[in-house]
Amino acid sequence: YLKQSYVLKTDIDFAKLIENGKLEKFEPIGGNKFAFEGVFDGNGKTIFGAKSEISVQGSDSVFNGFFRYVGENGVVKNLTLENCLIKSNHLGIDSVMEINNLSSDNFPKVYSVVGGIVGVNKGLVDSVRFVNGSALALGSTSTKVVSVSPKSTVNAYMMNYVVGGIVGLNLGRVNRAYVNGLGIPSHGMTTIMYMGGIVGSNKGFVSLSLNESSLSDSSPSMLGGICGLNEGVIENVKMSGDMATTDG
């Protein structure tokens, strides 16, 4: 686990670092086995132009954020991300089913989860801003034929997307978060998407937060100005802007 504490002393422009050959690419903080369990104090500074894509195959989920995974003791605070692009890309699983048994009730479910600041949060995210950035969950549901003899089988699974301007999946606390100019590119017709201006799916606590972005998608979505799917507590929040979804 990453337990150290950090204070950001100056603004960082990742685009310029890469352009000048001082950095090859940005690697997100934390991951499947290495949750961030320390304290990251952004000190009111801004990080510009970070771009990240995490692609995973054969797992039940893929998640990404500037911080991929913040653990129960982790704290991310006083930080602004601007003009950043964060992607999660699920490349599928190898599950095979007989075509006669195929139905939406028994499809294996997999998840592509993305948050602008944190992919999965079990700790505290406080006083953070995501401005003029994009969060994008990629992947696709599969019903690809594998064999036709002696039995017809398909590679089958159902993709579920979770997208949040600040946190993809929140199992902890999000306080004093601000989002403006959030870009969530259209996903077309997808299976299930939980999309929220602050949090994609909330099973924790969200408070004192403001989303000033408009949200839209053409997929059958659970779309919320603050949260796409809420199974936790949300209080003292505000959303201003338009919301539109073709279905859902």
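# Notebook: strands, sheets and a pocket

I began with one pair of residues and found that Lys 144 stands opposite Asn 155 in β16. I kept in mind from the start that this is a predicted model, and I then looked up the strands to which this pair belongs. Strand β15, which covers residues 142-147, is joined to β16 by five bridges, and the two strands run antiparallel. I also looked up how the chain passes from β15 to β16, and I noted that a hairpin joins them through five residues.

**Entry on the sheet of five strands**

Next I asked myself in which order the five strands of the open sheet stand. I wrote the order down as β7-β12-β17-β20-β24, and I noted that the pairing is parallel. The edge strands are β7 and β24 (227-230), and each of them pairs on one side only. On average, neighbouring strands of this sheet are turned by 5° against each other, with direction ignored.

I then went through this sheet pair by pair, starting from β7. Strand β7 (residues 67-70) runs parallel to strand β12 (residues 118-121), and three bridges join them. Within this pair, I found Tyr 69 opposite Val 120 in β12. From β12 I moved on to strand β17 (residues 167-170), which pairs with β12 in the parallel sense over three bridges. Here Val 120 appears again, as it stands opposite Leu 169 in β17. The next step took me from β17 to strand β20 (residues 199-202), where the two strands pair in the parallel sense, again over three bridges. Leu 169 stands opposite Ser 201 in β20, and with that I stopped following the row.

**Entry on the sheet of three strands**

I looked up another open sheet, which has three strands in the order β5-β9-β14 and parallel pairing. β5 (51-56) and β14 (134-138) stand at the edges with a single partner strand each, so one side of each is left without a neighbour in the sheet. The twist from one strand to the next averages 5°. For the pair of β5 and strand β9 (residues 85-90), I noted six bridges in the parallel sense, and I found that Ser 88 in β9 is the bridge partner of Ile 54.

**Entry on the largest pocket**

After the sheets I turned to open space, and I noted for the largest pocket a volume of about 250 Å³. Of the 15 residues that line this pocket, the closest to its centre are Tyr 111, Val 162, Leu 169, Ser 201 and Lys 203. The elements that give two or more residues to the lining are β6 (61-64), β11 (109-115), β16 (153-164) and β19 (192-196). Sorted by class, the lining of the largest pocket has ten nonpolar, three polar and two charged residues. I recognised two names from my earlier entry, Leu 169 and Ser 201, which stand opposite each other in β17 and β20.

**Entry on two single residues**

Is Gly 115 buried or exposed? I first placed Gly 115 in strand β11, and I then read that its relative accessible area is 0%, so Gly 115 is buried. Leaving aside its neighbours within four places in sequence, I listed its contacts as Asn 64, Gly 65, Phe 66, Ile 86, Gly 164, Ile 166, Val 167 and Gly 168. I also checked Gly 115 against Asn 73, and the two are 42 residues apart in sequence and 19 Å apart in space, C-alpha to C-alpha.

The other residue I looked up was Ser 207, which is found in strand β21 (residues 205-207). Ser 207 counts as buried because its relative accessibility is 5%, and the cut-off for buried is under 20%. Not counting residues up to four places away in sequence, Ser 207 touches Val 174, Asn 175, Arg 176, Glu 235, Asn 236 and Val 237.

Definitions and conventions. Residues are numbered from 1 along each chain as its sequence is written. This is a predicted model: local features need pLDDT of at least 70, side-chain atom pairs count only at pLDDT 80 or more; totals for chains, interfaces and linings use all residues. Side-chain values use heavy atoms; hydrogens and water are left out. On a 1 Å grid over the protein atoms alone, a cavity is a set of points where a 1.4 Å probe fits but cannot get out, and a pocket is an open set with protein on both sides within 12 Å along at least five of seven lines; lining residues have an atom within 4 Å of a point. Grid points are joined across faces, edges and corners, and a volume is the space filled by probe spheres set on the points. Helices (H or I, at least four residues) and strands (E, at least two) are DSSP runs, numbered from the N terminus. Ala, Val, Leu, Ile, Met, Phe, Trp, Tyr, Cys and Pro count as nonpolar, Asp, Glu, Lys and Arg as charged, and the others, Gly among them, as polar. Two strands pair if DSSP finds at least two bridges between them. Axes are lines fitted to C-alpha atoms, for helices over the stretch in contact, and angles run from 0 to 180 degrees between N-to-C directions. Buried means under 20% relative accessible area, exposed over 50%, partly exposed in between (1.4 Å probe, protein chains only). Contact means heavy atoms within 4.5 Å.
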